[in-house]
Every structure is written in C-alpha cells, then in structure tokens.
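Visitor: I am new to this structure and would like to learn how to read it. Where should we begin?

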Amino acid sequence: MTAAEQHRQVVVIGGGQAGLAAGYYLRRAGLDFAILDANHAPGGAWQHYWDSLRLFSPAEYSSLPGRPMPHQRGATYPDARHVAAYLAAYEDRYQLPVHRPVHVTGVERTPDHLTVHTDTDADTWHAQAVVFATGSWRRPFVPAVPGREQFTGRQLHTTGYRTAADFAGQRVAVVGGGNSGAQIAADLTAVADTRWVTRRPPRFLPDSVDGRALFELATHQVRAHAAGETHTGVASLGDIVVTAPVRAARDHGLLTAHPMFDRLTATGPAWPDGTTWDCDTIIWCTGFRPDLAATRPLGLHRTNGRIPTDGTRTLEDPRIHLLGYGNWTGPASATLIGVGRTAAEQLRTLLG
Ligand code: FAD
C-alpha cells in the first residue's frame with residue numbers, strides 16, 4: 001500500500017466500545033471522521049478476554065447507543081465472544097469507518113491541525129480534533145514486589161489467562177482482590193491447587209446485585225463529587241460482583257483470600273510471618289493503566305500520572321479528547337452502558 005496523507009475533521013484512535021460510541025455520535029452529526037484501530041479484528045479488548053468471563057450485567061444493560069445488545073441464548077450474562085460479535089455488528093450497522101490494523105505511534109500538534117502518525121500502514125492523518133479511545137488492555141500493571149525476578153515458576157498477568165485447563169494439576173497463586181482475581185481464582189479452584197491472595201479482605205457485593213448497581217454508583221459518585229459532596233455509599237467500584245461461578249466457589253469454601261505476601265522467593269510467595277508457599281504459577285490480576293503512549297509527542301502535562309481533563313476534553317488543548325478511561329473522563333465511561341452518555345457529551349464539546 002502506498003503511504004498517503006489523509007485529512008479528516010476528527011480522528012478517533014481505538015476501535016473498541018469507546019471508539020465506536022464516539023463514531024456513532026460523529027456519524028449522526030455528519031462529521032468527516034476515521035477510526036484507527038490496532039487490532040486485527042473488531043471487538044476491542046473483548047476478543048482477548050478469558051473463555052469463562054461473563055458480563056457483570058445482563059445484555060440489555062450493556063448496550064451502546066442506538067442498538068441494544070441482543071440476548072445470548074441460554075445466558076443471562078453474556079460472554080466476551082458475544083460482546084465482540086455485538087461490537088462487530090455495531091460497526092457494520094452504522095457503517096463506521098474503522099481502519100485496521102492501524103497502530104498509531106504518536107500525535108503531534110500545530111496551531112491549525114493535529115497530525116496522527118501510524119506505523120502499520122504508513123499513512124499520516126491530519127485532523128481538527130483527535131479522540132483517544134485506546135483503553136487499557138495493552139498496559140497491564142504488575143506491582144513491584146521484591147524478588148519477582150527470582151521466582152523460577154511462570155508469571156502472567158490477567159491478559160495472558162485464557163482457560164483454567166492450562167493450569168490443571170498445578171499450584172497457582174492468584175493475586176488481586178477485584179473482579180478479575182475473584183473470577184480467575186474461582187475458575188481455577190476446579191482444576192488446580194489455588195491460593196487467592198488479596199491486599200485487603202475482598203468485598204463481595206450482595207448476591208442479588210450485579211453490574212447495574214456499579215453503574216448507578218459510579219454515576220452517583222461523579223455527580224456528587226461535581227456538586228462538592230462527599231460520597232457515603234457502602235459499596236465501591238472495587239467490590240466483587242458475585243457471578244454464578246464465584247458464588248459456587250465461595251459457597252463451597254474454595255474462595256478464601258489470603259493476605260498479600262511481601263516478597264517472592266525462587267519457589268513462591270513468602271509472608272512477613274515467615275510462611276511460604278511453593279507454587280508453579282503466579283497470575284497477577286492487578287489491573288491496568290490507561291494506554292496513552294501515543295499522546296507522548298504532544299507533551300501534555302500530567303497531574304498524579306493523569307492528563308487533566310474537563311469531561312473528555314484535555315485542559316491543555318480543547319482539540320484533544322480522552323474517552324473511556326474511567327470516571328475521570330466521564331461517569332462509568334469505562335463500561336459498555338456508561339460510555340455512550342459520555343460520548344454524547346463529548347460530541348457537544350467537540351463541536352464547540
Ligand atoms: P478496548 O476494548 O481496550 O479498546 C481499545 C482499542 O484501541 C483496542 O482495539 C486497541 O487495539 C486500540 N488501540 C490501543 N492503542 C492503540 C493505538 N496506539 N493505535 C491504534 N489503536 C489502538 N465493562 C462492562 O460494562 N461490563 C463488564 O462486565 C466488564 N467486564 C470487564 C472484565 C474485564 C476483565 C476487564 C478488563 C474489563 C471489563 N469491563 C466491563 C470494562 C470495559 O468495558 C472494558 O475494559 C472495555 O474493553 C473497554 O473498552 P475500550 O473501548 O475503552 O477499550
């Protein structure tokens with residue numbers, strides 16, 4: 001393919017749910033735009049999640065604007081492949097101009113336009129505004145634990161976990177007290193000698209409560225914060241949604257959390273009281289960071305590691321928006337149901 005100069009009013013970087021929600025509103029407003037996505041296939045991070053993962057919320061509470069997510073036959077809580085298929089159909093339905101695989105290496109600015117550099121197809125894109133919707137899947141976070149390099153077993157992050165069968169018969173430490181840690185630990189208890197390790201005692205939501213409550217809570221928290229109130233709710237977004245496999249493992253006494261170890265030896269975790277546990281594998285379910293590497297050439301300043309925004313718009317340059325990274329870029333914007341509302345608000349500010 002010959003390298004070309006491409007011009008658009010808006011370039012969206014990332015073709016996961018956030019990029020598609022942005023595209024939906026850009027299409028409705030009749031703007032000339034392109035979505036550049038590094039993945040080879042539609043579905044954003046959903047195409048990479050583990051086999052047993054289920055959505056926190058039923059399909060009807062997991063929809064992007066315009067087109068409800070269909071039910072998955074036989075499942076109240078759809079799996080990740082169902083979500084990836086929904087996102088693929090969504091792109092088609094609204095004929096969103098997604099270019100893939102196109103990896104954006106950096107964005108630069110001049111007073112009149114922004115330049116988006118790619119390495120995958122060597123095209124250069126010029127735009128009046130750029131929306132970063134790159135998610136966090138490609139930036140897994142693992143805490144700095146002393147001795148981590150000395151451990152001779154296998155270490156992987158949530159991003160490397162696919163199915164429990166890969167660990168059959170092993171001794172596996174699962175680190176992390178959030179939803180990923182609970183789900184993967186529950187998954188493994190059936191086939192492996194599993195030890196679940198969490199920094200603080202895990203907090204399960206009541207069994208009857210699912211991701212809908214987290215969405216309401218996130219919305220409430222952000223609104224309360226904007227109004228200068230302190231949020232006093234009991235649950236937090238770190239709380240674990242009790243999916244059916246998590247409930248089964250917990251009710252059988254298999255999902256007991258151990259406190260966090262303070263170092264690793266060649267053979268496994270070691271706790272401050274001298275206890276050790278030899279194991280084959282450590283799975284770090286310790287979260288992610290926003291994947292904003294392509295913002296680097298812009299030289300945007302950061303506060304506490306974050307690029308400051310007003311909603312999605314960066315404070316330093318109103319042409320640059322961040323969408324889908326969590327509450328700081330819009331209430332519940334890192335969820336399927338929440339990103340649409342933020343994308344709609346973003347468009348209003350994009351158009352001035
Ligand atoms: P992604 O899905 O990661 O999409 C970003 C896209 O940008 C990717 O296709 C990537 O290739 C592309 N990209 C990145 N960098 C570049 C670049 N430099 N150039 C070009 N393209 C780039 N939310 C819910 O609502 N319900 C749930 O049940 C739920 N479960 C979750 C379970 C797990 C394990 C995780 C990690 C998250 C879950 N979430 C859930 C949260 C959220 O919905 C997902 O993380 C979702 O994938 C975020 O969508 P996104 O579009 O922001 O990012």
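Guide: Begin with one residue: Gln95 is exposed, with a relative accessible area of 61%. The model is predicted. Gln95 sits in the loop between helix H2 (80-93) and S3, and its phi is near 45°, a positive value in a residue other than glycine.

Visitor: Is Ala332 buried or exposed?

Guide: The cut-off for buried is under 20% relative accessible area. Ala332 has 5% relative accessibility, so it counts as buried. Its phi, near 55°, is also positive in a residue other than glycine. Ala332 is placed in the loop between strand S16 (320-322) and helix H6 (336-350).

Visitor: Which residues does a cis peptide bond join?

Guide: Arg100 and Pro101, with omega at about -10°. Pro101 belongs to the loop between strand S3 (98-99) and strand S4 (104-109).

Visitor: How many residues surround the ligand?

Guide: There are 32, and the closest are Gln17, Asp37, Asn39, Ala45 and Phe56. The shell divides into 17 nonpolar, 12 polar and three charged residues. For polar contacts, look at the backbone: a polar backbone atom of Val104 is 2.9 Å from a nitrogen atom of the ligand, and a backbone N or O atom of Leu336 lies 2.8 Å from a ligand oxygen atom. Of the 980 Å² of accessible area that the ligand has on its own, the protein covers 90%.

Visitor: Where does the largest nonpolar core lie?

Guide: This core has 60 residues, and Trp46, Leu64, Tyr161, Leu188 and Ile283 have the most contacts inside it. Helix H1 (residues 17-28) gives the largest share, seven residues. Domain 1 (5-139 + 288-351) and domain 2 (154-204 + 239-284) both contribute residues, so the core lies between them.

Methods
Residues are numbered from 1 along each chain as its sequence is written. This is a predicted model: local features need pLDDT of at least 70, side-chain atom pairs count only at pLDDT 80 or more; totals for chains, interfaces and linings use all residues. Side-chain values use heavy atoms; hydrogens and water are left out. A residue is near a molecule or strand if one of its heavy atoms lies within 4 Å of it. A polar contact is a pair of N or O atoms within 3.5 Å; within protein, one must be able to donate a hydrogen and the other to accept it, and residues adjacent in sequence count only if both atoms are side-chain atoms. Accessible areas come from the Shrake-Rupley method with a 1.4 Å probe; for residues, only the protein chains shown count as cover. Ala, Val, Leu, Ile, Met, Phe, Trp, Tyr, Cys and Pro count as nonpolar, Asp, Glu, Lys and Arg as charged, and the others, Gly among them, as polar. A nonpolar core is a set of buried Ala, Val, Leu, Ile, Met, Phe, Trp, Tyr and Cys residues joined through side-chain atoms within 4.5 Å. Buried means under 20% relative accessible area, exposed over 50%, partly exposed in between (1.4 Å probe, protein chains only). Helices (H or I, at least four residues) and strands (E, at least two) are DSSP runs, numbered from the N terminus. Domain bounds come from an automatic or database domain assignment.
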